[in-house]
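New to this one? Here is a quick tour, taken topic by topic, to read with the picture open.

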Amino acid sequence: MRTLSRRVWLLLGFAMLLAVVLLYLNSRRPSARVAVVQATRETFRSSISSNGKVEPITTYSLRAKFDGFVERVVAAEGKNAKKGDLLLTLNDRDILAQLAQARAQLASQQDDLRAAQAGGRADQAAKLSADLKSAVADQNLLQRQQESLTKLAAQNAATADEVEKNHAELERADAAVDQARKAKQEFEHQVTQDRERLELLVEHSQALVNDLQDKADSARVAAPASGTLYSLPVHAGDFVHTGDLLADVADLHDVRVRAYVDEPELGQLKPGQTVVVTWDALPGRMWIGKTDVLPRQVVALGTRNVGELLCTIANQGMELIPNTTVDVRIEIDERADALVVPRGAVQIDGSHRYAYRFDGNRLHRTEIRVGLSNATEFEVLSGITEGDTLALPGDTPLRDNMAVRVANPESE
C-alpha cells in the first residue's frame with residue numbers, strides 16, 4: 001500500500017514539473033513577426049478604379065435589307081472611309097425582277113383607277129346614258145298620247161281599245177325607264193366601289209414598288225458618314241439574311257467608355273470629373289476624358305452590383321477601338337497635407353474602421369475615422385497621428401495587445 005502511494009506522488013510530481021517546463025518554453029516562444037508601415041502626410045488624390053468597355057459615340061450599323069449573296073467587297077476593315085464611299089455590293093438580280101413585275105402591276109392598276117375616277121368605261125357609261133334617255137323619250141311620247149287619247153275617248157273620237165292599248169305600252173315604257181335608271185345607278189355604284197378598291201390596290205402596289213426600290217438601292221452598300229470602318233464581318237460569296245450586319249462605321253476621334261462602378265461608390269460620381277483610361281494591349285498609354293452621363297440604375301454584373309457610367313474620351317491616334325475592355329480611373333477629389341495609410345493597414349468591422357498601432361513590442365487596436373480613398377490608400381481623419389507605425393495583416397491574425405516583432409526583409 002505504501003509503495004502504491006509513493007508511486008502516485010512521484011507521478012504527480014513529474015506532471016507538475018512537466019507543466020512548469022512547458023510554461024517556461026511557451027514564454028520563450030518567439031513573438032509573431034509582422035510587416036509594418038508608417039502613417040505619412042502627402043497630397044492625396046481620391047479616385048475610383050474599375051473596368052469598362054469602349055463604344056463609339058455615334059455608330060452607323062449597315063444591315064442587309066433582303067436575303068442574298070455578297071457579290072463584292074471593296075473596303076477593308078479598320079480603314080477610314082468617306083461619306084458615300086462604296087463598301088460592298090449585294091447580288092440584286094431577284095430584287096430587280098420583282099421590282100419590274102411590281103411596276104407593271106402598278107401601271108395597270110393606275111390605268112384602271114384613272115378610268116374609275118373618270119366615271120367608268122366611257123363606252124359603257126355612254127350606252128347606259130343613251131338607253132335611259134331613249135326610254136324616257138318613249139315614256140314621254142306615250143304619256144302625251146295617253147292624255148290625248150283619253151280626251152278623244154271622252155268626245156267619242158277614240159275607241160276604248162286604243163286607250164287601253166296605249167296605256168299598256170305606257171306601262172312597258174315606265175318599266176323600261178325604271179330598268180334603265182337602275183342599270184345606270186348600279187353602274188355608278190360599281191364605279192365608286194371599283195375606284196375605292198383600286199385606290200387601295202394602287203396604294204399597296206406603290207408601297208411595294210417603293211420597298212423593292214429601296215432594297216435595290218441598298219444593294220450598293222456605301223458609307224453613310226465619314227469615319228472608321230471598324231467592323232466588316234462579311235466576305236464575297238457569303239449569303240446574308242435580312243437584318244444581318246454588313247458593316248459598322250463610326251467617327252473614333254472621340255469615343256465613349258461605359259465604366260462599371262460598384263454600388264457603394266456611386267455617390268461620389270459627378271458630371272465633368274476627370275477620367276483616365278488605360279488598355280493592357282498598349283501598356284504605358286493613357287487616354288483622358290470626362291464623366292458624362294451618371295448611372296440611372298444598378299444592374300448585376302457577375303457577382304457585382306454596378307452602375308454604368310458613360311465617359312467621353314479623347315481618342316488621340318484613334319488607337320482605342322470599339323468593344324475593347326479597358327481599365328478606368330475616375331479622379332474624385334484631391335487634398336493637400338492629408339494623413340495617408342495603405343488600405344491593407346485598415347481593418348473593417350461593420351461601420352467602424354480600425355488600425356493596429358505598434359508601440360515597440362505589442363499591437364494596440366485603435367479605432368480610426370477615414371475620409372477620401374483610392375484603390376491603394378485611405379485618408380485618415382482621426383485616431384492616429386503622423387509617424388505612427390501600423391501593422392499589416394499576414395499569416396498570423398492580428399489582435400489587440402498581441403506581442404509581435406517587426407519583420408526585417410533583409411534577414412529573411
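Let's start at Leu320, keeping in mind that this is a predicted model. Setting aside neighbours within four places in sequence, Leu320 is in contact with Val54, Val255, Val277, Trp279, Trp287, Ile313, Asn315 and Val326. Leu320 is also one of the residues with the most contacts inside the largest nonpolar core.

**The cores**

- The largest nonpolar core is made of 23 residues, and besides Leu320 its best-connected members include Leu269, Val277, Ile313, Val326, Val328 and Ile330.
- Strands S2 (40–56), S11 (254–262), S12 (274–278), S15 (304–314) and S16 (325–342) each give two or more residues to this core.
- Another core lies apart from that one; it has 20 residues, including Ala81, Leu90, Ile95 and Ala223.
- As a general backdrop, nonpolar side chains tend to be buried together in soluble globular proteins.

**The chain as a whole**

- You'll find four helices and 22 strands along the chain.
- The chain runs to 412 residues, and 31% of them count as buried.
- Take the contacts between residues at least 6 apart in sequence: 76% of these join residues at least 24 apart.
- About 25,500 Å² of the chain is exposed, with carbon and sulfur atoms supplying 51% of that area.

**Helix H2**

- Helix H2 covers residues 93–117, and its end C-alpha atoms sit 36 Å apart; that agrees with the 36 Å its 25 residues should span at 1.5 Å a residue.
- Which residues are buried in H2? They are Ile95, Leu99, Ala102, Leu106, Gln109, Leu113 and Ala116.
- In an α-helix, residues three or four places apart point the same way, because there are 3.6 residues a turn.

**Two open sheets of four strands**

- One open sheet has its four strands in the order S3-S10-S8-S5, paired antiparallel.
- S3 (59–63) and S5 (80–81) stand at the edges of that sheet with a single partner strand each, so each has one side left without a neighbour in the sheet.
- S5 and S8 (residues 227–231) run antiparallel and are joined by two bridges, and Asn80 has Thr228 in S8 as its bridge partner.
- A second open sheet goes S7-S6-S4-S9, again four strands with antiparallel pairing.
- Here the edge strands are S7 (220–222) and S9 (239–240); each has a single partner strand, so one side of each lacks a neighbour in the sheet.
- S4 (residues 68–73) pairs with S9 through two bridges, in the antiparallel sense, and Phe69 stands opposite Phe239 in S9.

**Around strand S20**

- S20 (residues 377–382) pairs antiparallel with S16 over three bridges, with Val341 opposite Phe378 in S20.
- S19 (residues 363–373) also pairs antiparallel with S20 over three bridges, and this time Arg369 stands opposite Ser382.
- Three residues make up the link in the hairpin that joins S19 to S20.

**A look at Arg285**

- Arg285 is in the loop between S12 and S13 (287–293).
- Is Arg285 buried or exposed? Arg285 counts as partly exposed, because its relative accessibility is 27%, between the cut-offs of 20% and 50%.
- Not counting residues up to four places away in sequence, Arg285 touches Val277, Thr278, Gln316 and Glu319.
- Arg285 and Glu319 are 34 residues apart along the chain, and their C-alpha atoms are separated by 9.8 Å.

Conventions
Residues numbered from 1 in each chain as written. Predicted model: local features only at pLDDT ≥ 70, side-chain atom pairs only at ≥ 80, totals over all residues. Heavy atoms only, no water. Core = buried A, V, L, I, M, F, W, Y, C linked by side-chain atoms within 4.5 Å. Buried < 20%, exposed > 50% of the residue type's maximum accessible area, 1.4 Å probe, protein only. Contact = heavy atoms within 4.5 Å. Expected span 1.5 Å × (residues − 1). Pairing = 2+ DSSP bridges. Areas by Shrake-Rupley, 256 points an atom, 1.4 Å probe, with all protein chains shown as cover.
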